[in-house]
Amino acid sequence: MGDATGAPAAAQREPELRGQTIVVVGGSAGIGLETARRARSEGAEVILTGRNRDRLDQAATAVGACRTAAFDATDAAALREFFEALPDPIDHVMVTAGGPTYRPMLEMDAAQVREALGDHVGLDLEVARSAVGRMRPGGSLVFMGGTGGRRVSRDIGIVSAATASLPPFIATLALELAPIRVNLIAAGFVDTPLSASLLKDRLEERRSELRTKLPIGRVVTAADVGALAVHLMTNTALTGATFDIDGGQQFVS
Ligand SMILES: NC(=O)c1ccc[n+]([C@@H]2O[C@H](COP(=O)([O-])OP(=O)(O)OC[C@H]3O[C@@H](n4cnc5c(N)ncnc54)[C@H](OP(=O)(O)O)[C@@H]3O)[C@@H](O)[C@H]2O)c1
């Protein structure tokens, strides 16, 4: 039986990731954890990484992960060792570790500017370099960016320039790694532990403001982003592209 559109009901279709293994670099909280949960519901085995061992263990239990590894993903040697130590090939890798640096540009020296412009691209490139030899044909990489940095403003400093570098970087990486597919998710505000830690006692006010302002009338959740990430893994037509998920935030704030 299908629904009114003729689409098969979810319970009756094949899980889209059955027999596949997903690695989530930064999978113990927020968007990474919800991507892992969604991938599990589609039949995948999931491997989670993060820095904090306790948080990782709790997340692994919550989603039924088959393996975990605690290390800092900005450490290229640790990344390489992690992928080399995996016992079996993997299918997809999602990267949520890393984030932007909000500082006025003139307060930064040249080394800090290089780091702010290059650290996200550098991390994603190191993951790609380490993972690709362990990936099965048909695999994909999913990286995180944002829509908030598209505007230019004194408040966000160098973040606009760093944000602008990601879509062409991802597209070029997709060409270099083909047939492995590579895609970028650009999120606005997502209700995660990271947002809670940045906003502190202004979190509820921000949620309420977004519920009023956003065209979707609600706040974007980590589960929304996880659903998009799993779609990017399973839809084999998608590569080299940037996918916005911000509830229309970029057009109203
Ligand atoms: N939340 C938003 O509104 C939003 C919007 C746009 C883009 N993003 C981007 O989306 C990504 C995920 O955001 P989120 O809100 O889900 O963050 P989160 O709630 O803080 O979760 C981040 C996850 O990554 C792990 N992690 C962070 N740094 C790591 C590192 N260096 N090495 C290994 N693991 C690391 C964290 O665990 P440990 O701390 O234990 O390592 C945690 O599991 C970030 O890149 C963020 O910039 C978020």
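**View 1. Gly50 of strand S2 and its partner in the predicted model.** Gly50 stands opposite Ala70, a residue of strand S3. The model shown here and in the other views is predicted. Strand S2 covers residues 45-50 and strand S3 covers residues 67-70; the two pair in the parallel sense over 4 bridges. Between them the chain passes through helix H2 (residues 53-63), and this β-α-β crossover from S2 to S3 is right-handed.

**View 2. Polar contacts of the ligand with Ser28, Ala29 and Arg51****.** In the side chain of Ser28, an N or O atom is 2.6 Å from an oxygen atom of the ligand. Arg51 also contributes through its side chain, with a polar atom that lies 2.7 Å from a ligand oxygen atom. Ala29 takes part through its backbone, where a polar atom is 3.1 Å from an oxygen atom of the ligand. The ligand taken alone exposes 890 Å², and the protein buries 88% of that area.

**View 3. The shell of residues around the ligand.** The ligand is surrounded by 28 residues, of which Ser28, Ile31, Arg51, Gly98 and Thr192 come nearest. By class, the shell comprises 12 nonpolar, 13 polar and 3 charged residues.

**View 4. Secondary-structure elements that contribute to the ligand shell.** Two or more shell residues come from each of helix H1 (30-41), strand S5 (135-146) and helix H6 (193-199). Helix H6 gives the most to this shell, with 3 residues.

Definitions and conventions: Residues are numbered from 1 along each chain as its sequence is written. This is a predicted model: local features need pLDDT of at least 70, side-chain atom pairs count only at pLDDT 80 or more; totals for chains, interfaces and linings use all residues. Side-chain values use heavy atoms; hydrogens and water are left out. A residue is near a molecule or strand if one of its heavy atoms lies within 4 Å of it. A polar contact is a pair of N or O atoms within 3.5 Å; within protein, one must be able to donate a hydrogen and the other to accept it, and residues adjacent in sequence count only if both atoms are side-chain atoms. Accessible areas come from the Shrake-Rupley method with a 1.4 Å probe; for residues, only the protein chains shown count as cover. Ala, Val, Leu, Ile, Met, Phe, Trp, Tyr, Cys and Pro count as nonpolar, Asp, Glu, Lys and Arg as charged, and the others, Gly among them, as polar. Two strands pair if DSSP finds at least two bridges between them. A crossover is right-handed if, with the strands pointing away from the viewer, the path from the first strand over the helix to the second runs clockwise.
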